[in-house]
Amino acid sequence: SINGARTTSNNYLIDGLYNNNRYYGDAALGQTGVLGIPVAIFPPEAIQELGIQETPSAEFGVKGGAPINMVMKSGSNGFHGTAQWVRHTSFADAANYFSKHNGCGGNPDPCQATPIRNQQFGGTLGGPIVKDKTFFFVFYEGQRSASIATKFQTVPSDLAVQQALTNISAAGLTPTTAGQNLLGFFPTAPSSSPGSDTGQLITKIPTTDTMDSFGIKVDHHLT
């Protein structure tokens, strides 16, 4: 927040070009997706300068908040670059403390760390196209994320399903084939307590996400 205004009031720019997400109001590049991974990113290694004005001058429009301008690096007469790779797995992670309320064991085992594999990698490169005249700068940022979310779902117990079928037969009715087939798709679990109509089902939901982002800048000196 700048000057007490909301972050959506800020005017985000890259090299003077608007970088505003018209729906959410935040910066378009770097806006997180459904799983928290940005759709596209402007990496810190590609930033030459960051400028912020508390009170915008007349040259800035669109929004009344503070202009935040990121200037992308440029190439030079020498070749320069960076490279990075970050890998995160569950090798050294602790188990989720709150998932162990029913003790250990089972599949998945709540006493085991949640499986996760997250890799972030990228690099930058800048240099001359024509010495003292034309230069280039490029960046790339990628991310590959895969994890499994453990969920506890409340479902009908085996006892409740059997009791329902018994009640249908007692009424002189017969379950239809379509009904039996649909019942086969619906998960059940043992009763969570004696005589209970519901049970707890542990499910494993895989989540995967991929992000690839790149940028290219070419500078040419006319004189």
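**Exercise 1. Where does Thr55 lie, relative to β3 and β4?**

Before the solution, some ground rules: this is a predicted model, in which local features need pLDDT of at least 70 and side-chain atom pairs count only at pLDDT 80 or more, while totals for chains, interfaces and linings use all residues. Residues are numbered from 1 along each chain as its sequence is written, and side-chain values use heavy atoms, with hydrogens and water left out.

Solution. Step one is to place the residue: Thr55 lies in the loop between β3 and β4 (67-72), where strands (E, at least two residues) and helices (H or I, at least four residues) are DSSP runs, numbered from the N terminus. Step two is to ask about the surface: Thr55 has a relative accessible area of 63% and is therefore exposed, given that exposed means over 50%, buried under 20% and partly exposed in between (1.4 Å probe, protein chains only). Step three compares sequence with space: Thr55 and Gly65 are 10 residues apart in sequence, and their C-alpha atoms are 7.5 Å apart.

**Exercise 2. Work out the order of the strands in the open sheet, and find which strands stand at its edges.**

Solution. Begin with the order, which is β2-β1-β4-β3 for the 4 strands of this open sheet, with mixed pairing. Two strands pair if DSSP finds at least two bridges between them. Next, look at the ends: β2 (17-18) and β3 (47-52) each have a single partner strand, so one side of each is left without a neighbour in the sheet. Finally, examine one pair closely: strand β1 (residues 11-14) runs antiparallel to β2, with 2 bridges between them, and Ile14 has Leu17 of β2 as its bridge partner.

**Exercise 3. Which partners does the side chain of Lys63 reach, and how far away is the nearest side chain of opposite charge?**

Solution. First locate the residue: Lys63, too, is placed in the loop between β3 and β4. Then consider charge: Lys63 is buried and yet has no salt bridge, the nearest side chain of opposite charge being that of Asp26, 6.4 Å away. Here Lys and Arg count as positive and Asp and Glu as negative, while His and the chain ends are not counted, and a salt bridge is a side-chain nitrogen of Lys or Arg within 4 Å of a carboxyl oxygen of Asp or Glu. Now turn to the backbone: the side chain of Lys63 reaches the backbone oxygen of Thr8 at 3.0 Å and that of Asn10 at 3.1 Å. Last, list the surroundings: leaving aside neighbours within four places in sequence, Lys63 is in contact (heavy atoms within 4.5 Å) with Thr8, Ser9, Asn10, Asn11, Asn20 and Gly25.

**Exercise 4. Trace the pairing of β6, β7 and β8.**

Solution. Start with strand β6 (residues 116-130), which runs antiparallel to strand β7 (residues 134-156) and is joined to it by 14 bridges; Gln119 stands opposite Arg144 of β7. The hairpin of β6 and β7 has 3 residues between the strands, and in it Asp132 takes a positive phi near 70°. Continue to the next pair: β7 and β8 are antiparallel as well, with 23 bridges, and Ser147 has Thr207 of β8 as its bridge partner.

**Exercise 5. How many salt bridges does a search of the whole structure find, and which residues form them?**

Solution. The search finds 2 salt bridges. Take Asp15 and Lys217, whose closest N and O atoms are 3.5 Å apart: Asp15 lies in the loop between β1 and β2 and Lys217 in strand β8, so the pair ties together parts that are 202 residues apart in sequence. Asp15 counts as partly exposed at 33% relative accessibility, whereas Lys217, at 13%, counts as buried. Then take Arg144 and Asp212, whose side chains meet in a salt bridge at 3.0 Å, N to O; Arg144 in strand β7 and Asp212 in strand β8 are 68 residues apart, and the pair links distant parts of the chain. Arg144 is partly exposed at 29% relative accessibility, and Asp212 is partly exposed at 41%.

Definitions and conventions. A polar contact is a pair of N or O atoms within 3.5 Å; within protein, one must be able to donate a hydrogen and the other to accept it, and residues adjacent in sequence count only if both atoms are side-chain atoms.
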